[in-house]
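Here are some exercises to work through with the model open beside you. Try each task before you read its solution.

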Amino acid sequence: MKKNEESDEKKKKVLLTSFDENGTEGRYKKGRNEMDLIKLVSIYGEVKCLDKERRALLTFKQGIRDVGMLSTWRDEDDCCKWEGITCSNQTGHVLRLHLPGSGFHGLISHFNISTLIDLQNLEHLDLSGHQFLNSYISEHIGLFTKLRYLNLSNAEFSGRIPPQLGSLTHLQYLDLSYNFLEGEIPSQLKHLGQLQYLGLQSVAELQGEITFQNRELSGAIPFQSGDLPLLQTLKLGGDFFLQTKDAEWVSNLSFLKNIDLTSFSLGNSHQWLQMIRKHIPNLTGLRLSDCNLSDNDVEFLFDIQSNNSSTSSLTILDFSDNMLTLSIFQLLSKFGSNLQELYLSMFQGNFNFGPNLEQLDLSNCNLSDTSFLMPSTSIVNSSSSLVVLSLSYNLLTSSNIFHWIFNFTANLHTLYLSGNLLEGPIPKGFDKAMNSLEYLDLSINKLQGEIPPFLGNICTLQILDLSHNNLNGDISRFIQNSSWCNRHVFLALSLSFNRITGMIPKSIGLLSNLMYLALEGNSLTGEITESHLTNFSKLVVLILSNNSFSLKFDPDWIPPFQLIDLEVASCKLGPNFPSWLHTQNNLIWLDISDTGINGSVPEWFWYMLPLLLYCSNMSHNNLVGAVPNLALRLPHGVLIDLSSNQFEGVIPSFLLHASSLILSENKFSNTSSLLCQNNNIGKNLGTLVLANNQLEGSLPDCWESVTSLLFLDLSNNKLTGKIPPSMGSLVKLEALVLRNNRFIGKLPSNLKNCTNLFLLDVSENLLSGPIPSWIGETLQRLIVLSMAGNRFSGNLSKHLCYLKKIQALDLSKNKLSNEIPTCLQNFTAMSKKSINSTETTGLIYWKNNTYYETYGFFFSGYTFNITLMWKGVKSSFKNPELRLNNIDLSSNHFTGEIPKEIVYLVGLVSLNLSSNNLSGEIPAEIGNITSLESLDLSRNHISGTIPSSLSQIDNLGKLDLSNNFLSGRIPPGRHMDTFDASCFEGNPDLCGSQLNKTCPGDMAPVKPEEPTTHDDEDDNSGFYEALHMSLGFGFFTGFWGLLGPLLLWKRWRIAYLRFLNKVADYIYVTAAVYASKFHK
């Protein structure tokens, strides 16, 4: 009886209500009284959904991957009772499909709205927050003419906005924000006269390291004054061409309450600032992030000078990523009392936050610890309402920030501190001070110490991210010593990339509601068995890679969970292929690389590949056999990595559906049927790596079937014949590696169409003819050019000097002749002492629409492999930090002098001109190349002396000047003495200590002959030595004892002369007296 009452009440409510613009319920029809409604219910009884519409919904479900949303959608049930469905109680038609994704719940698939075409009475459609994987918004959206609410935001849609949206004239809410839409806004949208909410924000950044520039709306804004007159919320973002009429249109929107113009360049646009100032008194939300605003612009917006500013209604304010200074805080204090959300890029610690503030975002503000040196008591009362605080990506180092936060609010729910420089342990008492916390992100810091068990005592905590720190200790102490009073709400734990040790205890199963568990990149050990995971029925992400785990599961085990992401690289999963993977129907990302799996891959796994929407990595195992050629179609954007196994035979064509196909280091032997098919099977292939296989024969000449290729590596095979001219159709190609094969003939001129190449390696083949001039003329993005070990001949074209970005040039072991061009100084990248690695990486992965169109949302990067003669040794570099700066022209027939201009390449690290016929002298200013680490000029006809400046290069670790006609002294000094004779031998006129050869003009040290002595004289040698010493000492004392004072002191000198005069007078008088006596 009670059930019937509830059913009747529901019917009554539905009949009384219908949908309005905000997705809430409003009055069904004016004039309908309650007795009429009850009468209708009694007539019609319970109305179920129509079978046609139920089948349409089931078709929709079958075409997507459901993660915890559609469990109630069962074939035998009434679809009106399904999750997210609301039907009309009169007709049974589906009126609402409300399925917004959130958190770990969502839908994943390519999506076509036409699957719902039978829902013609649909008024409300919300499919926001899902992963629709580069799907287009179909033109069939225009057929849902009764729609009043449409939300497809943040759902990974791409392409253009369909103009058919203009047919939905009843639409009141339209949000397409945060997708990857491009092109112009259709002018047909101006027909949406009932529209109150318009969201067309673009997305500039994706997850990971890739930024897709130009993947945004652009062109002119199509609206005129008077269009969309009822608009209350306007969210626009893109690279628009702003005009005066656009500001006039917005200015006349009299009902406007919320403005979001993120990334508009408004700093120099007085008209737009004037328009916004007009609306500010009535606005509740204003977002002007990244708009090039200055303090003066903000002061103008709020009319500060006139003291007429009225901002009492603003509750949301976003001025982040502008050029504002701390002085703007004075302005904010005037209306801070009403703000609920505040986003800034600067902060002053003594700012008085209002009592209503709920969200504060100060990320990317360059904040340091000194920014928070203030009495905490001054803000305790004013910010007690704060629930979300973001201080991510600043310069915070001290744990004092925690104590500042402890006093900041008693009700914080979300705390972001990621991307700082925080050191030391997480302070004690954190759990008590943050007892209402739900989301804690301390990732990407330098936190140390053990993971404190008290974090498990925060009973409200749902998500904990401590990844990318220096935390250590035994994981079992953290798991076992926490109370886990939050176990019923705890959803996610990430401890990846720390220094945590130990084994996972089985008590981890206590966290039965976990959906996300990431422990990657630690030093964890031990076995993980079924008993560890048996309680994790809701688990969707399990990441254990790069530990020393041993996963031991029964072959017949059926896990209680359905994973979407499984990553166990470098764990022990083998030796047998894990059969339990057969039960995981929702997997979109799988990494079982380097897990010790042997043997063949079961056929059922190949049929799982279409389900793996993002990644299937089985590399570095010992998998054998052929890959079957099945009639499968892989999803767009998927990475397939089967490298470093023992796969053999023909490469099946269905693999070409992938966006990245890495098959290197296997035993594949045939490519004849790989490309030449007329079914566009490889149209989305961006990366193809077949290096180190057993491929034989000539390449097929039908590369136009894979024109999306960006990276192609066929190195180290046995391919023969000419390089196919059709490779010139690969106009998007950025890396072409054909090294170590048996290609013959000339380099096809069609390759000049590949103007995006940054890496071209055709070394170690049998190619001949001159170095084409078009390489320098058209391939000016080249960073690495290796053509070594071929039969190229003739002059080295001066056009090669157009390669201003070149950082590695290897033309060694050819038959090139005549002089080395003097224009080498045009190699601009080598003329800089230091290389901006960020800039260079940007040149390589320039992250434009091409990457997005080819790889979708997860571009895993391309690990390019460079093989060069480096410091005299053949070396391979995987993703070298692009600091090679190498020129190798050795083993050719070059003549003439070494170009003096080479000394301008001050960033050069390695220079090899050996085994040529070069003459003349070594440039005197070669010491200017202070970055030089290796110099080889051996086996030439170089004459003259070794420049003394060479001894001033401190980094020079390898030097070979042997077998030339050098003369004179080897320069001394610094580290030149560390080079042995082999570095200088074969130069007859060269001299120096390294060659143990004296130079002309050197005074050889002559040792005095020792007199012949006798034994008896030796006995008196001690006596004579003492005598000589005493005579010398006596002479010194007597001489300087008398003359020293006379020379140094005038008084002594006068007294002494007086004394001598007296003595002389005395002698004279005495002599005279005696003489007179004698005469008498």
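Let's warm up with one ring: Phe605 is buried, with a relative accessible area of 0%. Buried stands for under 20% relative accessible area, exposed for over 50%, and partly exposed for anything in between (1.4 Å probe, protein chains only).

A word on the ground rules. This is a predicted model, where local features need pLDDT of at least 70 and side-chain atom pairs count only at pLDDT 80 or more, while totals for chains, interfaces and linings use all residues. Residues are numbered from 1 along each chain as its sequence is written, and side-chain values use heavy atoms, with hydrogens and water left out.

**Exercise 1. Work out how the rings of Phe577 and Phe605 are arranged, and where the two residues sit.**

Step 1: Rings of Phe, Tyr and Trp (its six-membered ring) pair if their centres lie within 6.5 Å; planes under 30 degrees apart are stacked, over 60 edge-to-face, and the rest tilted.

Step 2: The centres of Phe577 and Phe605 are 5.1 Å apart and the planes meet at 65°, so this pair is edge-to-face.

Step 3: Now find them in the chain. Phe577 is in the loop between strand E33 (565-567) and strand E34 (589-591), and Phe605 belongs to helix H12 (residues 603-608), so the pair links distant parts of the chain, 28 residues apart. Helices (H or I, at least four residues) and strands (E, at least two) are DSSP runs, numbered from the N terminus.

Step 4: Phe577 counts as buried too, at 12% relative accessibility.

**Exercise 2. Find out how many aromatic pairs there are, and look at the one made by Phe264 and Trp272.**

Step 1: The structure has 29 aromatic pairs. In the one formed by Phe264 and Trp272, the rings are 5.7 Å centre to centre with 65° between the planes, an edge-to-face arrangement.

Step 2: Phe264 and Trp272 are both buried.

Step 3: For a group of rings, look at Phe60, Trp73, Trp82, Phe111, Phe132 and Phe157, which ring pairs link into a cluster.

**Exercise 3. Locate the charged end of Arg277 relative to the ring of Phe300.**

Step 1: A charge sits over a ring if NZ of Lys or CZ of Arg is within 6 Å of the ring centre and within 35 degrees of the ring normal.

Step 2: Arg277 has its charged end over the ring of Phe300, 4.0 Å from the centre.

**Exercise 4. Give the handedness of the disulfides Cys80–Cys87, Cys801–Cys823 and Cys991–Cys999.**

Step 1: There are 5 disulfides in the structure, a disulfide being a pair of cysteine sulfur atoms within 2.5 Å.

Step 2: In the disulfide of Cys80 and Cys87 the sulfur atoms are 2.1 Å apart. This link has -100° about the S-S bond and is left-handed; both cysteines are buried.

Step 3: Cys801 is joined to Cys823, S to S 1.9 Å. The torsion about their S-S bond is about 70°, so this one is right-handed. Cys801 lies in the loop between strand E51 (791-794) and strand E52 (808-810), and Cys823 in the loop between strand E53 (815-819) and helix H14 (837-844), so the pair ties together parts 22 residues apart in sequence. Cys801 is buried at 2% relative accessible area, and so is Cys823 at 16%.

Step 4: Cys991 and Cys999 are joined with S to S 1.8 Å. Their torsion is about 110°, so the disulfide is right-handed. Cys991 is buried at 4% and Cys999 is buried at 7%.
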